Amino acid sequence: MNYSGPVVFFDGVCNLCNGAVQFIIRKDKKGLFRFASLQSAAGRDAIAQTGTAGTEGAEGSIILRYKGKYYVRSSAALKIAALMGGLMWLLLPGYLL
């Protein structure tokens, strides 16, 4: 995947994950994010890069690749919120914990 902006990898069979992706798409007015399922070749590569393969909760998970760094689960969600800006920044204190 050659896109240098933020890429959200999500579980393509998880309804909650699909709902989260739809939410991001609706709120992403700048068209900043790209998306790929964890079941795709790029998604499998992201799983391998983060070392989450075979771990508990790997299914239904979300991974963000941004500027060469990977964020997993809640770290990914909070980084996405930070990148989206607006009122989403209110979630950032959770990132510090």
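Where does K67 lie? K67 is in the loop between β3 and β4, and we'll get back to that loop below.

## What you're looking at

This is a predicted model, where local features need pLDDT of at least 70 and side-chain atom pairs count only at pLDDT 80 or more, while totals for chains, interfaces and linings use all residues. Residues are numbered from 1 along each chain as its sequence is written, and side-chain values use heavy atoms, with hydrogens and water left out.

The chain has four helices and four strands (DSSP runs numbered from the N terminus, with helices being H or I of at least four residues and strands E of at least two). Walk along the sequence and you get β-α-β-α-β-β-α-α. Of its 97 residues, 34% count as buried (buried means under 20% relative accessible area, exposed over 50%, partly exposed in between, using a 1.4 Å probe and protein chains only).

Among contacts between residues at least 6 apart in sequence, 54% join residues at least 24 apart (a contact means heavy atoms within 4.5 Å). On the outside, the chain exposes about 6,000 Å², and carbon and sulfur atoms supply 58% of that (areas come from the Shrake-Rupley method with a 1.4 Å probe; for residues, only the protein chains shown count as cover).

## The sheet

The four strands make an open sheet in the order β2-β1-β3-β4, with mixed pairing (two strands pair if DSSP finds at least two bridges between them). β2 (34–37) and β4 sit at the edges with a single partner strand each, so one side of each has no neighbour in the sheet. From one strand to the next, the twist averages 20° (axes are lines fitted to C-alpha atoms, for helices over the stretch in contact, and angles run from 0 to 180 degrees between N-to-C directions).

Helix α2 packs on this sheet and touches β1 (7–10), β2, β3 and β4. Its direction makes about 90° with that of β4.

## The β3–β4 hairpin and two odd phi values

Back to K67. Strands β3 (residues 62–66) and β4 (residues 69–72) pair in the antiparallel sense over four bridges. Among the bridge partners, Y66 goes with K69 and I63 goes with V72. The two strands form a hairpin with two residues between them.

K67, in that turn, has a positive phi of about 55°. Most residues other than glycine have a negative phi. K67 is also exposed, with a relative accessible area of 68%. R73, in the loop between β4 and α3, likewise has a positive phi near 55° in a residue other than glycine. R73 is partly exposed, at 32% relative accessible area.

## Packing inside

Which residues make up the largest nonpolar core? There are 10 of them: V8, I24, F33, I62, L64, Y66, Y71, A76, I80 and M84 (a nonpolar core is a set of buried Ala, Val, Leu, Ile, Met, Phe, Trp, Tyr and Cys residues joined through side-chain atoms within 4.5 Å). Both β3 and α3 (74–84) supply at least two residues each to this core. A second, separate core has seven residues, including F9, A36, I47 and I63.

Helix α3 has A76, L78, I80, A81 and M84 buried. Leaving aside neighbours within four places in sequence, M84 is in contact with I24, K27, D28 and F33. G85 follows α3 and has a positive phi, near 70°.

## S61, a buried loop residue

S61 sits in the loop between α2 (41–50) and β3. At 5% relative accessibility, S61 counts as buried. Setting aside neighbours within four places in sequence, S61 contacts F9, F10, D11, C17, L38, V72 and R73.

## The cysteines

How many disulfides does the structure hold? Zero (a disulfide is a pair of cysteine sulfur atoms within 2.5 Å). C14 is in no disulfide, and the nearest cysteine sulfur, that of C17, is 3.0 Å away. C17 is in no disulfide either.

Are C14 and C17 buried or exposed? C14 is buried, with a relative accessible area of 17%, and C17 is buried as well, with 8%.
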